[in-house]
Amino acid sequence: MGACLGACSLLSCASCLCGSAPCILCTCCPSSRNSTVSRLIFTAFLFLGVLVSVIMLSPGVESQLHKLPWVCEEGAGTPIIPQGHINCGSLLGHRAVYRMCFATAAFFFLFTLLMICVRSSQDPRAAIQNGFWFFKFLILVGITVGAFYIPDGSFSNIWFYFGVAGSFLFILIQLVLLIDFAHSWNQRWLGKAEECDSRAWYAGLFFFTLLFYALSIAAVTLLFIYYTPSDACYKGKIFISLNLTFCFCVSIVAVLPKVQNAQPNSGLLQASVVTLYTMFVTWLALSNVPDQKCNPHLLTRFGNGTILAGPEGYETHWWDAPSIVGLLIFILCTFFISLRSSDHRQVNTLMQTEECLAGPEAMQQQQVAASEGRAFDNEQDGVTYSYSFFHFCLVLASLHIMMTLTNWYRPGETRKMISTWTAVWVKICASWAGLLLYLWTLVAPLLLPSRDFS
């Protein structure tokens, strides 16, 4: 009897895994939207890949991965001794991260192509998007296993540049999400202040604006102290000074009378968030400078335990502060992509999301689902987000987390992890592009008065 009950339970779970998204999380997310649940499950797949990548960086797992054919072998199985004073296990862990993130990126890119032009849940492909989770998991596992048997060759070097491009785009997406969050925050607190006729909401906005600017000034001070200690670090000084100047300029533009008339909700809160994020990206860039004199995250270690300064033969702490903070921001922004649509139509157009107006049947279904405590299909009349673009964002997220976990270090020809100026310039250019994008959101209503930017 117990075996029969167990078999029935397994069959129930199997049918749920092969079914729709509401069946998966109906007990965890009662009366949830089908579109939200599906995005959460796909995000869970991404986080599963991130977790596996983090595990692969641990020393115990690295020693087990030596058994794979592409590990520390060249030609007829001759072991390679890394010349950069980083042991083979550490190098191996990062090569494993490249393959794990390649698998997740390939998985989401497959769905990016498959879900192009899906308009509603009536499309047969919508059933694939919102169901068959067990088979999707098997596909992800299969791609992952295959990725670990890709011949090394030039794979790591080529995939590094894919990671650079994808991470650059994802940094901009993070900035768009942060700007949208600050706009929504400012608008809601101003609305609360008008409704309650209380100055406490204004005081709260002023406090957080002052806090963000204070943190930005503290960040600039610390960057000058720790990343430009000598006259040889002139590039770092230029980067910090330029970004500080640009942030000051966009803050001034945000409170200009003409900008305020065109966009009453624009203010210093959004500018302070952009300033703080720009300083964060500048910190990430300076943490990849390949010069130990200008980068406290680099150490030169030799076999006798001594540590010497110099641009070559260094090793790095993989779990340094920039990587940890970058990982936390990545997790928050990925959840942000999965859980909500914007309050602003332009952001929804850019991110390919919208709040679809439900018809009478959908409203009735929602009421029934709420009474029964289960998820419901809210996309019968039209999808609430672009399936294809959502998966493309997860492709970029996979590439970005790959670069974050490996600290943007490129595997060199001598099998050592090399910090290059490429990573520095990509992050600095991303910060400049982000500031330019925010500046455009401020001046666009003035330059294009015929368009609606409300």
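This report describes one helix, its residue Thr282, and the aromatic and charge-over-ring arrangements of a predicted model.

**Helix H12 and Thr282**

Helix H12 comprises residues 268-286, a run of 19 residues. From its first C-alpha to its last, H12 reaches 26 Å, which is close to the 27 Å expected at 1.5 Å a residue. Of the 19 residues of H12, 16 are buried, so the helix is largely enclosed by the rest of the structure.

Thr282 belongs to helix H12. Its relative accessible area is 0%, so Thr282 counts as buried, the cut-off for that class being under 20%. The side chain of Thr282 makes a polar contact with the side chain of Asn243, at 2.6 Å. Asn243 also appears among the residues that Thr282 touches when residues up to four places away in sequence are not counted; the others are Leu223, Ile240 and Ile428.

**Aromatic pairs**

The structure holds 29 aromatic pairs. Two of them are set out below, with their geometry.

| Pair | Centre to centre | Angle between planes | Arrangement |
|---|---|---|---|
| Phe45 and Phe137 | 6.3 Å | 50 degrees | tilted |
| Phe207 and Phe208 | 5.3 Å | 75 degrees | edge-to-face |

The pair of Phe45 and Phe137 links distant parts of the chain, the two residues being 92 residues apart. Phe45 lies in helix H3 (residues 34-56), whereas Phe137 lies in helix H7 (residues 133-147). Phe45 has a relative accessible area of 10% and is therefore buried. Phe137, at 34% relative accessibility, counts as partly exposed.

In the pair of Phe207 and Phe208, the planes stand 75 degrees apart, and the edge-to-face label applies because this class takes angles over 60 degrees. Phe207 is partly exposed, with 47% relative accessibility. Phe208 is likewise partly exposed, at 26%.

Phe45 and Phe137 also belong to a cluster linked by ring pairs. The cluster further includes Phe42, Phe107, Phe108, Phe111 and Trp133.

**Lysines over tryptophan rings**

Trp133, a member of the aromatic cluster, has Lys136 over its face, at 3.6 Å from the ring centre. A second arrangement of this kind involves Trp421: Lys235 lies over the face of that ring, at 4.4 Å from the ring centre.

Technical notes: Residues are numbered from 1 along each chain as its sequence is written. This is a predicted model: local features need pLDDT of at least 70, side-chain atom pairs count only at pLDDT 80 or more; totals for chains, interfaces and linings use all residues. Side-chain values use heavy atoms; hydrogens and water are left out. Helices (H or I, at least four residues) and strands (E, at least two) are DSSP runs, numbered from the N terminus. The expected span of a helix is 1.5 Å times one less than its number of residues. Buried means under 20% relative accessible area, exposed over 50%, partly exposed in between (1.4 Å probe, protein chains only). A polar contact is a pair of N or O atoms within 3.5 Å; within protein, one must be able to donate a hydrogen and the other to accept it, and residues adjacent in sequence count only if both atoms are side-chain atoms. Contact means heavy atoms within 4.5 Å. Rings of Phe, Tyr and Trp (its six-membered ring) pair if their centres lie within 6.5 Å; planes under 30 degrees apart count as stacked, over 60 as edge-to-face and the rest as tilted. A charge sits over a ring if NZ of Lys or CZ of Arg is within 6 Å of the ring centre and within 35 degrees of the ring normal.
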